[in-house]
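User: Hi! Could you take a close look at the salt bridges in this model, and tell me how they sit within the rest of the fold?

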Amino acid sequence: MKYNIEGEPLPVVICELESGEAMISEGGGMSWMSPNMKMETLTGGAGKMFGRLVSSESLFLNRYTAEKGPGMIAFASSFPGCIRPFEISPEREIIAQKSAFLASTTDVQLSVFFHKKFSGGFFGGEGFIMQRLSGNGIVFLEFDGYIKEYNLDAGQSIVVDTGHVAAMSSTCSLSIQSIKGVKNVLFGGEGLFNTVITGPGHVWLQTMPISSLAGAVSPYIVTH
């Protein structure tokens, strides 16, 4: 499979498949394709469907297979930002925000990832439920805004507003840190909690979470 990512900040990944090769995406993820791409809807079993329901993602995935010759399929981002490719293997699993998955080769597996401390994750807001990407293959993730990357050594940490966590290596750990001080909580504008990511591993942070964009434009939306 060959691919090309074009068009930031409204990007699309265009995949060129050999005959018999396949891609998977969420329902509605395909933007355009050649006529010989066959679509099949996958359920993945009750357990996986429940996990996707809990994470507020689509219950079903679609598999697109090139038949009787090479095929082409494109997946466009749903939000201004960027599309990043990741090579997934048993030694290189990725934890990503729940809305990041765009498409992947068929041997990549999606599952729900929870913070170790349920209560901390619950009060942490957006970052509570994330996606684990495992198996073998290439996955394309879409992130909001510009992406800043950090490589954390063992024991090294970074404190992040939860919505800005785009992805991290599965070797990293997450914890929730409450903001101390009543004045800071009431007037600091940073909410009640931050996410602390601790290495070793790589971290991808996004500059414009869709929730932040929604909050920024909402005062200018006129309702009738």
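Analyst:
**Salt bridges and their setting**

Happy to. Let's start with Arg84 and Glu149, whose side chains meet in a salt bridge with an N to O distance of 2.8 Å. Arg84 belongs to strand S8 (residues 81-88) and Glu149 to strand S14 (residues 147-152), so this contact ties together parts of the chain that are 65 residues apart in sequence. Please keep in mind that this is a predicted model.

How exposed are the two partners? Arg84 has a relative accessibility of 23% and therefore counts as partly exposed, the range for that class starting where buried ends, at 20%. Glu149 is also in the partly exposed class, with a relative accessible area of 35%.

How many salt bridges does the structure hold? There are 3. Another joins the side chains of Glu93 and Arg132, at 3.0 Å from N to O. Here Glu93 sits in the loop between S8 and strand S9 (94-97), while Arg132 sits in strand S12 (residues 129-135), so the pair connects parts that lie 39 residues apart in sequence. Arg132 has 25% relative accessibility and so counts as partly exposed. Strand S8 thus appears in both descriptions: Arg84 lies in S8, and the loop holding Glu93 runs between S8 and S9.

The remaining pair is Glu40 with Arg63, where the N to O distance is 2.5 Å. It links distant parts of the chain, with Glu40 in strand S5 (residues 37-42) and Arg63 in strand S6 (residues 61-66), 23 residues apart. Glu40 is partly exposed, at 36% relative accessibility, and Arg63 is partly exposed as well, at 27%.

Now for the setting. The protein has 4 helices and 19 strands, and 43% of its 224 residues count as buried. Taking contacts between residues at least 6 apart in sequence, 78% of them join residues at least 24 apart. The protein exposes about 11900 Å², with carbon and sulfur atoms supplying 58% of that area.

For a contrast with those partly exposed side chains, consider Ser104 in strand S10. Ser104 has a relative accessibility of 0% and counts as buried, because buried means under 20%. Setting aside neighbours within four places in sequence, Ser104 is in contact with Met23, Ile24, Ile138 and Val139.

Strand S10 also brings us to a pocket. The second largest pocket holds about 280 Å³ of space. It is lined by 15 residues, and those closest to its centre are Glu26, Ser78, Ser99, Phe101 and Glu142. Strand S10 (101-105) and strand S13 (137-144) are the elements that give two or more residues to this lining. Sorted by class, the lining has 5 nonpolar, 6 polar and 4 charged residues.

A few backbone details may also be useful if you plan to check geometry. The peptide bond from Gly199 to Pro200 is cis, with omega near 20°. Gly199 lies in the loop between strand S18 (193-198) and strand S19 (201-206), and Pro200 is placed in the loop between S18 and S19. Gly199 is buried, with a relative accessible area of 10%, which is under the 20% limit. Not counting residues up to four places away in sequence, Gly199 touches Leu152, Asp153, Ala154, Gly155, Gln156 and Cys172. One of these contacts leads back to the opening pair: Leu152 falls within strand S14 (residues 147-152), where Glu149 is found. Gly199 also lies 9.5 Å from Met168, C-alpha to C-alpha, with their positions 31 residues apart in sequence.

A further cis peptide bond runs from Glu8 to Pro9, with omega near 15°. Pro9 is in the loop between strand S1 (2-6) and strand S2 (12-17). Lastly, Lys68 has a positive phi, near 55°, in a residue other than glycine. Lys68 sits in the loop between S6 and strand S7 (71-76), and S6 is the strand that holds Arg63 of the Glu40 pair. With 86% relative accessibility, Lys68 counts as exposed, since that class begins over 50%.

How values were computed. Residues are numbered from 1 along each chain as its sequence is written. This is a predicted model: local features need pLDDT of at least 70, side-chain atom pairs count only at pLDDT 80 or more; totals for chains, interfaces and linings use all residues. Side-chain values use heavy atoms; hydrogens and water are left out. Buried means under 20% relative accessible area, exposed over 50%, partly exposed in between (1.4 Å probe, protein chains only). Contact means heavy atoms within 4.5 Å. Accessible areas come from the Shrake-Rupley method with a 1.4 Å probe; for residues, only the protein chains shown count as cover. On a 1 Å grid over the protein atoms alone, a cavity is a set of points where a 1.4 Å probe fits but cannot get out, and a pocket is an open set with protein on both sides within 12 Å along at least five of seven lines; lining residues have an atom within 4 Å of a point. Grid points are joined across faces, edges and corners, and a volume is the space filled by probe spheres set on the points. Ala, Val, Leu, Ile, Met, Phe, Trp, Tyr, Cys and Pro count as nonpolar, Asp, Glu, Lys and Arg as charged, and the others, Gly among them, as polar. A salt bridge is a side-chain nitrogen of Lys or Arg within 4 Å of a carboxyl oxygen of Asp or Glu.
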